[in-house]
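Okay, thanks for squeezing me in this morning. Have a look at the sequence and the model on the screen, and then I'll walk you through what comes out of the geometry.

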Amino acid sequence: MSHSPRFLAPFEQGLLDVPKGNLLVIRAPDAMGLSDFPNVTVEQSFAPVFNRFENTGIDVTPRAEGRFAMVMVNLTRSRPENLCNIARACEMSDGVVLVNGAKTDGIESLLKQVRKETTVEVISKAHGKVFWFDATPMPEAWLEAGKLAENQAGYLTAPGMFSHEKIDSGSALLAPYLGGLKGRVADLGAGWGWLAAQAIGPEVEELVLFEAEQKALDAARQNLDDPRVQFVWADVLSLPKTPPFDAVISNPPFHQGRAAEPELGVGFIQAAAKILKPKGRFLMVANRQLPYEHALDAAFRKWEILAQTGGFKIFGASLPKR
Ligand SMILES: C[S@@+](CC[C@H](N)C(=O)[O-])C[C@H]1O[C@@H](n2cnc3c(N)ncnc32)[C@H](O)[C@@H]1O
């Protein structure tokens with residue numbers, strides 16, 4: 001069995017020619033064999049992956065525009081986002097559109113849906129499929145599915161963003177602890193901005209939202225219309241140098257794939273300690289079963305559990321260790 005990336009199968013089997021013009025790859029998770037292609041642009045709005053591409057020399061942009069000889073869509077876990085990306089791919093491709101994904105990302109039901117619109121060729125490989133077809137206009141509803149819309153809480157969000165339909169229960173539990181914040185405040189992993197909006201009381205002078213997903217940050221920009229707020233598209237695990245903060249708040253991510261990855265939260269705790277003033281305070285919510293106590297011990301001289309409820313813990317920490 002071949003171990004080359006799934007999307008290369010149609011090229012390896014002589015069913016598709018490597019395009020002479022530019023190949024656009026939407027949501028490439030990594031370099032995934034793209035070095036075999038002479039002319040590639042990657043669209044990736046998630047900062048950690050974007051940053052890795054910048055170091056490979058492959059052209060990368062958070063949002064692609066224009067025309068391409070071929071467009072490949074890599075699936076995310078959000079079906080509306082995938083439909084939107086397939087429809088966008090059809091708008092931008094002068095030739096073929098390829099769709100590449102695992103069964104667990106819903107490739108089979110997407111294939112059925114695309115088959116209702118056009119003729120498709122398919123290869124099954126590595127617990128997933130790659131399918132391709134000549135670019136053709138897809139239903140307007142697919143494009144609409146990925147766009148910003150007001151959610152139940154009255155905030156603009158889009159599918160694919162964390163808890164896009166409603167306020168996250170962990171964030172809701174942290175919110176009552178944010179009253180009275182003063183000075184310079186940071187929100188690490190700010191998403192579409194609900195938690196940050198709860199933190200911006202009268203004594204806050206500046207509120208900086210750090211978020212890796214540019215689409216979510218753009219939504220937050222529209223949700224928080226206040227001159228004291230700044231928006232930084234960044235990987236919190238490798239933050240740019242910043243003046244120190246009086247308070248840091250966070251509902252950190254706990255996975256990027258399907259499995260829990262507590263080291264992400266550990267990285268957020270370390271980042272918070274690094275950017276706080278010596279007398280600054282860190283407030284965080286986390287899933288109750290995630291083991292953050294050692295990381296808090298290592299990063300702060302003082303911390304406490306402020307509440308344990310509904311499957312979450314609220315932590316307060318101060319005196320960051322240097
Ligand atoms: C649990 S969500 C919290 C979102 C928001 N604060 C809320 O309460 O609704 C975590 C957020 O961290 C973002 N994120 C994930 N990895 C990140 C990283 N390495 N750097 C910065 N943000 C990241 C995710 O995109 C997501 O928006």
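Let me start with burial: a residue is called buried if 20 or more other C-beta atoms lie within 10 Å of its own, exposed if 12 or fewer, and partly exposed in between, with C-beta atoms placed from the backbone. By that count Ala126 is partly exposed, because 15 other C-beta atoms lie within 10 Å.

Two bits of housekeeping. What you see is a predicted model, where local features need pLDDT of at least 70 and side-chain atom pairs count only at pLDDT 80 or more, while totals for chains, interfaces and linings use all residues. Residue numbers run from 1 along each chain as its sequence is written.

Back to Ala126, then. What is the sign of phi at Ala126? It's positive, about 50°, and Ala126 is not a glycine. As background, most residues other than glycine have a negative phi. Ala126 sits in the loop between β6 (121–125) and β7 (128–134). Helices here are DSSP runs of H or I with at least four residues, strands are runs of E with at least two, and both are numbered from the N terminus.

Leu319 is another non-glycine with a positive phi, near 55°. Leu319 is found in strand β16, residues 312–320. Leu319 counts as partly exposed too, because it has 16 C-beta neighbours inside 10 Å.

Now the overall layout. The protein splits into domain 1 (6–145) and domain 2 (149–320), with bounds that come from an automatic or database domain assignment. Over C-alpha atoms, the domain centres are 32 Å apart. Eleven residues of domain 1 are in contact with nine of domain 2, contact being C-beta atoms, placed from the backbone, within 7 Å. On the domain 1 side of that interface, α2 (47–54) and α3 (79–92) are the elements giving two or more residues. α2 has the largest share there, three residues. By type, that side comes out as six nonpolar, four polar and one charged. For the record, Ala, Val, Leu, Ile, Met, Phe, Trp, Tyr, Cys and Pro count as nonpolar, Asp, Glu, Lys and Arg as charged, and the others, Gly among them, as polar.

On to the sheets. Strands of a sheet pair through backbone hydrogen bonds, either parallel or antiparallel. For us, two strands pair if DSSP finds at least two bridges between them. One open sheet has seven strands in the order β3-β2-β1-β4-β5-β7-β6, with mixed pairing. Its edge strands are β3 (59–61) and β6, each pairing on one side only. Neighbouring strands there are turned by 20° against each other on average, direction ignored. The axes behind that are lines fitted to C-alpha atoms, for helices over the stretch in contact, and angles run from 0 to 180 degrees between N-to-C directions. Inside this sheet, β1 (23–26) and β2 (40–43) run parallel and share four bridges, and Val25 has Val42 of β2 as its bridge partner.

The other open sheet I'd like to show is also built from seven strands, in the order β12-β11-β10-β13-β14-β16-β15, and its pairing is mixed. β12 (229–233) and β15 (300–309) each have a single partner strand, so one side of each has no neighbour in the sheet. The twist averages 15° from one strand to the next. Going through some pairs: β11 and β12 are parallel over five bridges, with Val208 partnering Gln230 in β12. β13 (245–250) and β14 (276–287) run parallel with five bridges, and Phe245 stands opposite Leu276. β14 and β16, on the other hand, run antiparallel with seven bridges, and there Phe282 is partnered by Ala317 of β16.

Next, helix α8 (214–223). How many of its ten residues are buried? Seven, among them Lys215, Asp218 and Asn223. The cover over those buried residues includes β9 (156–157), α7, β11 and β12.

Last stop, the ligand. Which residues are closest to it? Ser171, Gly189, Gly191, Ala212 and Val236, out of 20 that surround the ligand, where a residue is near if its C-beta atom, placed from the backbone, lies within 6 Å. α7 (194–199) and β11 (204–211) each supply at least two residues of that shell. The shell divides into eleven nonpolar, five polar and four charged residues.

That's my tour; over to you.

Notes:
Contact = placed C-beta atoms within 7 Å.
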